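Please open the structure in the viewer and keep the sequence panel visible. The stops below are arranged by chain, and each one names what to select and what is found there.

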Amino acid sequence: MNRSPYISEAPSVTSIMLKVMLALVPAIAAYVWVYGGGILVTLALASLTAIVTEALMLKLRDRPVRLFITDGSALVTAWLLALALPPLAPWWLIVLGTAIAIVVAKQIYGGLGNNPFNPAMVGYAALLISFPALMTTWPAPLALAEFELGFVDQMLFIFSGNLPAGVALDAVTSATPLDYLKTQLTLNHSLQEITQSPIFGTLGATGGELVAAAYLLGGLYLIQQRIITWHLPVAFLAAIAIMAGLFYLADAGRFADPALHLFGGATMLCAFFIITDPVSGPTTPRGKLIFAAGIGIMTYVIRVYGGYPDGVAFAVIFFNICVPLIDAYTQPRVFGHDK
Amino acid sequence: MNAIVNLSELIKRKLGKTGLSSFNGGVHPPQHKLESTTSPIRPVPPPARLVLPLRQHVGNVSKLQVATGDHVLKGQLLARADGQVSAAVHAPTSGTIAAIDNQLIPHPSGLPDISITLEADGRDEWIARQPLDYKAMSKQELLDSLREAGVVGLGGATFPSHIKLREDARHPVRTLIINGAECEPYISCDDMLMRERAAEIVRGIEIMRYLLDAGRCVIGIEDNKPQAAAAMRAAAADSEVAIDVAEVPTIYPGGGAKQLIKVITGLEVPSGRLPSEIGVQCFNVATAYSVHRLVHHGEPVISRIVTVTGHVGHAGNYEVPLGMSIRELVELAGGKAIPELIMGGPMMGFNLPSADVPVVKATNCIIVPDSAMFPEPPPALPCIRCTRCADACPANLQPQELYWFSKSQNLDKAREYKIFDCIECGCCTYVCPSNIPLVQYYRFAKSEIIAQDRAREAADIARERNEFRLKRIEREKQERAQKHAQKAAGAKTEAAPADDAKKAAIAAAIERAKAQKAEMTPKNTEAVSPVVAAEIAEIETRRAEVQAASTTEARTEEKQSTEEAK
Amino acid sequence: MLTALYVMLGLALLLGVVLGYSALKFKVEGDPLVARIDAILPQTQCGQCGYPGCKPYAMAIAKGEADINQCPPGGDAGVHALADLLGVEYKPLNAEHGLPKPKSVAVIDENVCIGCTLCIQACPVDAILGAAKHMHTVIASECTGCELCVAPCPVDCITMEPIAESPANWKWRYPVFEIKPEPAVTRKIAE
């Protein structure tokens with residue numbers, strides 16, 4: 001057998017996936033700090049669903065189950081989806097979303113390496129369209145909530161939908177800043193009035209900005225480990241910052257400042273963990289810049305003019321479709337060729 | 001931390017005082033060169049039996065000059081270069097030609113090829129050697145003697161050197177690069193040659209420089225070989241011509257000709273073109289050494305330095321007569337001739353089909369692996385498009401796309417994405433987290449495309465010849481019809497006395513017979529290529545021989561029968 | 001109302017001019033389809049398709065008289081290429097016209113040949129050399145392996161020999177498929 005090269009220094013796919021999960025740990029810790037331990041239940045549920053559905057689909061497709069389960073890609077999808085969902089989403093929503101991500105977005109297209117769309121975002125988008133109310137009901141950060149749910153209370157709520165006696169749903173939930181911003185703007189409130197609300201923090205949302213900072217930290221770790229390149233996050237964040245900056249300069253009364261857009265919503269999660277999914281993204285350096293900048297612009301447009309408070313999922317899915325085109329037009333110059 | 005190191009390396013390279021350029025990607029595999037550089041080059045006495053394949057170089061198979069049973073001397077010509085792109089084969093020792101037949105050769109196909117088997121007589125007796133006064137002869141004469149001496153690129157490509165040393169008025173060579181980079185792990189034959197025979201290499205370089213009339217001459221050596229660089233620098237200082245030594249950064253595949261040219265001159269060899277077209281020519285140090293052996297000692301290429309390393313008792317470099325069995329060489333180095341022997345390095349080498357293949361001009365290294373050295377890769381997973389391969393590719397290709405097209409046998413697309421700019425260095429496979437044997441897919445796709453192109457060319461020739469034949473038949477038909485018509489018209493005007501009619505009938509019959517005869521003689525030898533014409537000539541002589549033989553046979557038979565009758 | 005009419009009229013004129021111009025500018029000489037079909041055919045000139053050569057077969061395909069699956073030397077790949085070119089459905093080779101064989105060349109046994117020239121007349125690409133009462137020889141590099149010379153030979157001295165694989169024409173193999181299917185599948189395939 002001629003199989004040169006005979007040596008390899010490659011990290012395995014599994015180790016890459018584990019590093020991505022490791023990079024998510026600070027954000028999860030921040031999450032627990034801000035919203036309580038319920039996220040751990042969500043993560044566990046999503047992981048379990050992902051592994052079970054992945055195994056089932058592999059079995060049905062006659063693929064080696066063990067080889068593909070141990071690659072860790074299903075877990076990464078599950079974690080990303082779990083972190084994108086509202087922290088107190090009911091159990092069936094988590095299970096359904098994960099199942100859609102794994103079965104429809106990943107396995108039906110051919111499993112690892114063959115999905116044209118980001119599985120986590122497909123799961124998220126499907127849930128957002130089907131259950132908009134549930135998907136936009138975010139718990140208030142513990143610091144702001146009228147009633148602080150304990151870990152057990154949160155778990156009970158996830159599984160049964162029941163709150164402790166005497167606690168109203170309103171007491172534990174609040175609108176997210178982007179959501180609040182959108183509804184209040186339609187009521188003709190000025191931005192200055194709106195941002196007086198305690199849900200706005202220094203940069204983004206109270207509490208949420210801490211989680212965003214943790215994503216940023218994890219993302220920098222991934223760049224340092226050469227799991228992702230700088231192109232995608234930098235282009236994405238720059239596009240959002242420039243868009244938000246231009247609009248903010250044009251009319252500071254109607255458009256939020258760039259910091260809110262960078263540290264609010266799912267921006268940081270998206271910048272370092274969602275759009276950096278290699279399978280559904282472009283491969284050329286220039287293509288990465290175009291792809292990420294496109295998602296950034298589109299996210300901003302959906303946030304400001306669209307029907308949903310955040311547009312990351314739709315923007316990502318839309319640009320996933322464009323990937324083959326982007327790749328085809330951004331082929332780098334090959335050694336010894338002009339152009 | 002890694003990122004910082006990489007960045008600082010990049011900055012150093014970009015701003016370095018060396019004035020060196022760089023290329024995309026590359027990898028840093030473990031070197032493993034120390035094992036084979038602790039002892040000097042060891043000479044190997046000629047073995048009892050040598051096998052010399054006639055195809056040890058790029059180009060035409062060389063033409064046999066000896067027959068079975070002939071006694072030859074060391075250095076005697078066994079097979080002559082056939083055409084320009086070809087190289088000669090010589091006897092590495094004195095002895096008798098035992099056989100000329102198909103033998104296993106060190107080739108990834110594992111197929112046998114035409115080879116000369118030489119039984120040594122043990123006397124190791126040289127043919128008369130004549131050093132060349134190269135400045136007194138014309139450059140063409142010198143090139144011819146290089147061709148006659150079988151000088152080819154000993155870096156592994158084995159391209160006949162006389163072609164690269166030919167001066168071309170359209171593309172004068174400004175920079176002559178001597179490749180001593182030796183970037184591939186384990187291999188150290190060039191390193192040891194430079195350490196021990198620097199002066200001789202420089203003598204060879206002087207001749208090459210003279211032939212090409214190159215203005216600048218640079219020896220490129222990776223900075224992991226300080227001893228070789230020092231030796232070459234000292235030898236270059238003694239030379240009457242200016243020869244620079246450039247220590248290039250150690251990065252695989254920095255020793256690839258195109259990569260080394262880029263690093264030293266900053267120029268990229270255009271795709272599908274030759275380095276000479278950008279005024280650069282690149283030779284391996286061992287090639288320079290063999291030029292020196294020929295010119296100053298009158299010795300053709302009959303041996304080379306081979307690194308034997310890995311799981312052997314005395315890893316090191318050996319000066320091996322060409323044609324020696326690799327089994328004997330490995331055993332001489334204190335290793336076992338196991339079936340998994342690798343020729344070349346771990347990045348681009350290949351498994352030998354058997355240990356019983358000869359050392360050839362391309363054999364730079366033999367690795368005897370043990371199970372721990374090169375473990376089987378884990379099962380391959382699907383490509384996740386992580387683009388580590390693209391980051392590592394020295395040709396700046398998109399290996400993940402090429403993989404996709406090669407795997408689905410979408411050959412046109414593979415070509416469009418420049419698969420022929422792939423140098424098969426293996427960097428992509430080396431860094432692939434999914435353990436995909438990328439290079440194997442590219443090799444497959446390339447050889448399929450080449451086969452397709454050849455088939456298309458053959459089809460074009462067949463179409464042309466078929467059309468030509470149809471035209472010829474048409475023309476002949478018309479000519480015949482014309483003649484008949486003329487005859488008929490002539491007959492009519494003579495207006496039919498009986499005698500004349502008879503005459504005319506006879507004439508027509510003769511004409512018919514003539515036409516028939518003409519038809520019998522094939523006219524299909526018009527408009528053929530020179531190659532085919534040569535083939536035809538050969539066939540004609542063979543035919544004449546057969547005919548002569550058969551007539552004499554017939555005559556003897558006749559004689560016999562008459563004698564019997566008596 | 002009138003404006004709309006004018007606009008439509010103007011558009012029609014403009015498009016007409018553009019179409020007329022491009023028809024002149026990008027005019028295609030001859031019948032390129034036959035040439036393009038002929039380019040796909042292997043030029044073996046063997047006549048297995050039922051036509052006296054590759055060009056006539058190409059013309060027949062272009063006219064719609066012949067099917068695309070009548071060329072065994074072109075193989076499956078050839079049918080696929082023709083299907084792609086003509087935009088029709090792929091169909092497997094028609095076994096009536098023969099099956100694909102490894103590429104061969106004709107070899108004349110020079111000791112048996114009586115020099116009758118029948119094979120020379122049969123060869124579609126003039127790859128056989130010889131004259132009446134003289135021994136004939138095949139120019140191997142020109143032989144397309146059509147086998148048309150085999151039948152006419154009165155002394156059966158022509159054989160078809162497959163081209164052997166050598167280090168010169170050897171090809172790298174397709175890498176063994178890397179993901180081993182579950183044993184269940186292997187069994188299914190084996191059955």
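Begin with the lining of the largest cavity in this predicted model, for which domain 1 (11–174) and domain 2 (199–329) of chain A each provide at least three residues. The space inside the largest cavity is about 650 Å³. Of its 38 lining residues, those closest to the centre are A:Trp138, A:Thr176, A:Gly265, A:Ala266 and A:Asp310; select these five residues to bring the cavity into view.

Next, colour the helices of chain A. Which helix gives the largest share of the lining of the largest cavity? The answer is H12(A), with 4 residues. Helix H12 spans 208–224, and among the other elements that each supply at least two lining residues are helix H1 (13–35), helix H4 (73–84), helix H10 (177–186) and helix H17 (312–329) of chain A. A strand also belongs to this group, namely S1 (138–139) of chain A. By character, the lining of the largest cavity consists of 28 nonpolar, 8 polar and 2 charged residues. Across the model, the count of cavities of 30 Å³ or more is 12.

Now colour chain A by its two domains, 11–174 and 199–329. Their C-alpha centres are 20 Å apart. Where the domains meet, 33 residues of domain 1 of chain A are in contact with 29 residues of domain 2 of chain A.

Turn to chain C, which is also assigned two domains: domain 1 (32–97) and domain 2 (101–164). Here the domain centres, taken over C-alpha atoms, are separated by 25 Å. The contact between them involves 4 residues of domain 1 of chain C and 6 residues of domain 2 of chain C.

Move on to chain B and select strands S2, S8, S7 and S4, which form, in that order, an open sheet of 4 strands with antiparallel pairing. Which strands stand at the edges of this sheet? They are S2 (49–53) and S4 (71–72) of chain B; each has a single partner strand, so one side of each lacks a neighbour in the sheet. Within the sheet, select S7 (residues 95–104) and S8 (residues 112–120) of chain B, an antiparallel pair joined by 9 bridges. To see one position in this pairing, label B:Gly95, which stands opposite B:Ala120 in S8(B).

Follow chain B onward from S8 into the loop that leads to helix H2 (139–148), where B:Asp124 is located. Phi of B:Asp124 is near 50 degrees, a positive value in a residue that is not glycine.

The next selection in chain B is strand S10 (residues 216–222) together with strand S11 (residues 244–248), which run parallel and are joined by 5 bridges. Between S10(B) and S11(B) the chain passes through helix H6 (residues 226–238), making a right-handed β-α-β crossover. Label B:Ile221 as well; the residue opposite is B:Glu247 in S11(B).

For the last stop, select the loop of chain B between S11 and helix H7 (257–265), which holds B:Pro253. Is the peptide bond from B:Tyr252 to B:Pro253 cis or trans? The bond is cis, with omega near 0 degrees.

Methods. Residues numbered from 1 in each chain as written. Chains lettered and ligands numbered in written order. Predicted model: local features only at pLDDT ≥ 70, side-chain atom pairs only at ≥ 80, totals over all residues. Heavy atoms only, no water. Pairing = 2+ DSSP bridges. Right-handed = clockwise from strand over helix to strand, strands pointing away. 1 Å grid on protein atoms, 1.4 Å probe; cavity = no way out; pocket = protein on both sides within 12 Å on 5 of 7 lines; lining within 4 Å. Points joined across faces, edges and corners; volume = space filled by probe spheres on them. Nonpolar A, V, L, I, M, F, W, Y, C, P; charged D, E, K, R; others polar. Domains from an automatic or database assignment. Contact = heavy atoms within 4.5 Å.
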